[in-house]
Amino acid sequence: MDASLKLQNKLSQYNDSRPKDFKLEGRIGIHIGDVVKRDDGDIHGDGVNVAARIQPLSAPGGICVSGAVSDALSSH
């Protein structure tokens, strides 16, 4: 989560100095789950699949977290 916030913050700073038509806006999805890394560097698994499905639900420049992540972060 910290890395996602830092990335979005850096993108925001970058965008402040760019014309409107040249801004980068990323969407991030975060989920807690199994992730398997193959020898070729590709990753897959429940963690990746859920994160990929919830990522489009965030606003441009936003972060969308699953319920599992929200529950895990609620005590922090």
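L5 sits in helix α1, and helices here are DSSP runs of H or I with at least four residues, while strands are E runs of at least two, both numbered from the N terminus. With a relative accessibility of 46%, L5 counts as partly exposed; the label covers values between buried (under 20% relative accessible area) and exposed (over 50%), using a 1.4 Å probe and protein chains only. Keep in mind that this is a predicted model: local features need pLDDT of at least 70, side-chain atom pairs count only at pLDDT 80 or more, and totals for chains, interfaces and linings use all residues. Residues are numbered from 1 along each chain as its sequence is written, and side-chain values use heavy atoms, leaving out hydrogens and water.

L5 also has company on the surface: together with M1, V65 and L73, L5 makes a nonpolar patch of about 290 Å². Patches like this are built from residues with over 30% relative accessible area and no salt bridge; nonpolar side chains (Val, Leu, Ile, Met, Phe, Trp, Tyr) are joined within 5 Å, like charges within 9 Å. The areas come from the Shrake-Rupley method with a 1.4 Å probe, and for residues only the protein chains shown count as cover.

Now look at helix α1 as a whole. Its 15 residues, 2-16, should span 21 Å at 1.5 Å a residue, and the end C-alpha atoms are indeed 21 Å apart. The expected span is 1.5 Å times one less than the number of residues. Which residues of α1 are buried? They are S4, Q8, L11 and N15. These cover an arc of only 60 degrees around the axis, so they sit on the same side of α1; the arc is taken from the directions from the helix axis to the C-beta atoms. Turn the helix around, and the face away from the buried side carries the exposed residues D2, A3, K6, K10 and D16.

What do the buried residues of α1 pack against? Strands β1 (28-30) and β4 (63-65). Zoom in on Q8, which counts as buried at 11% relative accessibility. Apart from residues up to four places away in sequence, Q8 touches G26, R27, I28, G61, G62 and I63, where contact means heavy atoms within 4.5 Å. Farther along α1, N15 is buried too, at 8%, and N15 touches K23, L24 and E25, again not counting residues up to four places away.

Helix α2 (residues 46-54) has its own buried set: G47, A51 and I54. Seen down the axis, they fall within an arc of 70 degrees, so they line one face of α2. That buried set packs against β1 and β4.

Over in strand β4 you'll find C64, buried at 16% relative accessibility. Leaving aside neighbours within four places in sequence, C64 is in contact with I28, G29, I30, I54, L57 and S58. C64 and R27 are 37 residues apart in sequence, yet their C-alpha atoms are 7.9 Å apart in space.

Last stop: charges. The count comes to 1 salt bridge, meaning a side-chain nitrogen of Lys or Arg within 4 Å of a carboxyl oxygen of Asp or Glu. R38 pairs with D42 in this salt bridge, with the closest N and O atoms 2.5 Å apart. R38 is partly exposed at 42%, and D42 is partly exposed at 34%.
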